[in-house]
Amino acid sequence: MVDPKSVPRYTFNDGNTVPFVGLGTWQSQPDGSVYRAVRHALASGYRHLDCAFIYQNQDEIGRAITDSIKEGVLTREELFVTSKIWLTHYSKERVEICAKKILSDLQLTQIDLLLLHWPFTFKQQDDNLFPVDSDGSVIGGDVGFVEAYKALEELQKQGLVKSIGVSNFNISQLTRLMENTSVKPVTNQVELHPYLVQKELKEFCNKNGIVLTAYSPLGNPGSAVNTAADKDKLLKDPVVNKLATKYGKNAGQILIKFQVASGNLVIPKSVTNERIESNIQIFDFDLTPEEVAELSALDRNYRSCSFDITSKLPEYPFKN
Ligand SMILES: NC(=O)c1ccc[n+]([C@@H]2O[C@H](COP(=O)([O-])OP(=O)(O)OC[C@H]3O[C@@H](n4cnc5c(N)ncnc54)[C@H](OP(=O)(O)O)[C@@H]3O)[C@@H](O)[C@H]2O)c1
């Protein structure tokens, strides 16, 4: 276990703080797996969890949090929980409904960080989280991200949410968001790893005081939706493995440390005890600036999470 106090924290542009490393929970199954993973993560020193309405596993996560607090593993105040509003819930009223469901599933009275999951929206409806028409195309919504973000600002005023932000926004969308709303997002959660370093987005966000949160930092190797034949190639990359040998670490630890060394928050997912433990044991070594540059130079615009079925929607962020 790592001492939670030894995990550095980042201070957001609104003054709230967050541990640099958190546990991802996408595709962590609500069959007891995500419960066990969260319990193990909290016992191993994690104090930051990344969740989302669409992952449909938040009730198990809520039970794991509550049981860990009851057993004295941690206090609520020590824990940082992120969740995300889903695309069928972007109208003003529906953002609030979604946020309240998130809070009740997670058994929390306040969420530390609430994000808009994507810049585009789906048809606003309850019974289907992926509405498609007769030819199988996803049905976009007529509500925009500005309206949804303003609803987040309201929730923040009410005290249901401490910090607010976005995910998967490109520079043009961030610019429009900031021109039309009053609270700057604290973070933009996007895919980041040495094969996708997103240099321009990073520079833009740095300039605007928005920290990047790195999702799929290991390249999303075990994902059911990532069908690339070589989906574990990042973990096998020779440069990554050369550094792992040098520091006596594994490839995952080098990839996670790369994000922290680049100034990004990072949320590796695992339901495997040994990986959960090792993924946060990255604060007993440092990559040199030259090694960070060497890893950055592996950039090849490889995106594991392109959400292709949404690519025809007007606000699809990866058109360029
Ligand atoms: N905002 C968004 O749109 C968005 C999109 C994608 C992801 N996310 C968030 O970011 C989190 C992380 O991204 P991700 O889940 O896509 O991918 P990831 O963290 O890059 O990779 C997770 C996969 O790697 C395996 N793994 C974990 N640690 C490992 C290690 N040390 N060595 C080898 N394999 C390891 C896991 O397997 P086991 O679980 O079997 O151990 C799992 O299959 C998500 O869970 C989610 O919370 C957000």
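This presentation describes a predicted model of a protein with a bound ligand, beginning at the ligand and moving outward to selected helices and residues.

Good morning, colleagues. I begin with the ligand. The shell around the ligand holds 29 residues, and the closest are Asp50, Asn220, Lys269, Ser270 and Thr272. By residue class, the shell consists of 12 nonpolar, 13 polar and 4 charged residues.

Three side chains deserve mention for their distances to oxygen atoms of the ligand. For Asp50, an N or O atom of the side chain is 2.6 Å from a ligand oxygen. For Arg275, the distance from a polar side-chain atom to an oxygen of the ligand is 2.9 Å. For His117, the corresponding distance is 3.3 Å. The ligand taken alone exposes 910 Å², of which the protein buries 91%.

I return now to Asn220, which was listed among the closest residues to the ligand. Asn220 sits in the loop between strand S9, residues 211-215, and helix H7, residues 233-236. Its backbone has a positive phi of about 60°, although Asn220 is not a glycine. Is Asn220 buried or exposed? Its relative accessible area is 11%, and since buried means under 20%, Asn220 is classed as buried.

A second residue of this kind is Gln56, which lies in the loop between S4 and H2. Gln56 also is not a glycine, and it has a positive phi of about 55°. The relative accessible area of Gln56 is 53%; because the exposed class begins over 50%, Gln56 counts as exposed.

The next element is helix H2, which covers residues 58-70. How does its span agree with expectation? With 13 residues at 1.5 Å a residue, H2 should span 18 Å, and its end C-alpha atoms are indeed 18 Å apart. The buried residues of H2 are Gln58, Glu60, Ile61, Gly62, Ala64, Ile65, Thr66 and Ser68. As a reminder, an α-helix has 3.6 residues a turn, so residues three or four places apart point the same way. Cover for the buried residues of H2 comes from elements including helix H1 (33-43), strand S4 (48-50), strand S5 (80-85) and helix H3 (92-106). Just after H2, Gly72 has a positive phi of about 80°.

One of the buried residues of H2, Gln58, leads us to strand S5, where Ser83 is found. The side chains of Ser83 and Gln58 make a polar contact of 2.7 Å. Ser83 has a relative accessibility of 0% and therefore counts as buried. Beyond residues up to four places away in sequence, Ser83 touches Cys51, Ala52, Phe53, Gln58, Ile102, Leu106, Ile111, Leu113, Leu114 and Leu115.

After S5 comes a loop that runs to H3, and Thr88 lies within that loop. Thr88 is buried, with a relative accessible area of 0%. Its side chain is joined to the side chain of His89 by a polar contact of 2.9 Å. With neighbours within four places in sequence set aside, the residues in contact with Thr88 are Arg94, Phe122, Lys123, Gln124, Gln125, Asn128, Leu129 and Pro131.

Arg94 brings us to H3, where it is among the buried residues, together with Val95, Cys98, Ala99, Ile102, Leu103, Asp105 and Leu106. Helix H3 comprises 15 residues and reaches 22 Å from its first C-alpha to its last, close to the 21 Å expected at 1.5 Å a residue. Which elements cover the buried residues of H3? They include H2, S5, strand S6 (111-116) and helix H4 (145-158). H2 and H3 thus each appear in the cover of the other. Just after H3, Gln107 takes a positive phi of about 60°.

I close with a residue from a later part of the chain. Leu313 is located in the segment after helix H11, residues 289-296. Leu313 and Pro119 are 194 residues apart in sequence, yet their C-alpha atoms are 10.0 Å apart in space. At 8% relative accessibility, Leu313 is counted as buried. When residues up to four places away in sequence are not counted, Leu313 touches Phe120, Thr121, Phe122, Val138, Gly140 and Lys319. Phe122 also figures in the contacts of Thr88.

Thank you for your attention.

Technical notes: Residues are numbered from 1 along each chain as its sequence is written. This is a predicted model: local features need pLDDT of at least 70, side-chain atom pairs count only at pLDDT 80 or more; totals for chains, interfaces and linings use all residues. Side-chain values use heavy atoms; hydrogens and water are left out. A residue is near a molecule or strand if one of its heavy atoms lies within 4 Å of it. A polar contact is a pair of N or O atoms within 3.5 Å; within protein, one must be able to donate a hydrogen and the other to accept it, and residues adjacent in sequence count only if both atoms are side-chain atoms. Accessible areas come from the Shrake-Rupley method with a 1.4 Å probe; for residues, only the protein chains shown count as cover. Ala, Val, Leu, Ile, Met, Phe, Trp, Tyr, Cys and Pro count as nonpolar, Asp, Glu, Lys and Arg as charged, and the others, Gly among them, as polar. Helices (H or I, at least four residues) and strands (E, at least two) are DSSP runs, numbered from the N terminus. The expected span of a helix is 1.5 Å times one less than its number of residues. Buried means under 20% relative accessible area, exposed over 50%, partly exposed in between (1.4 Å probe, protein chains only). Contact means heavy atoms within 4.5 Å.
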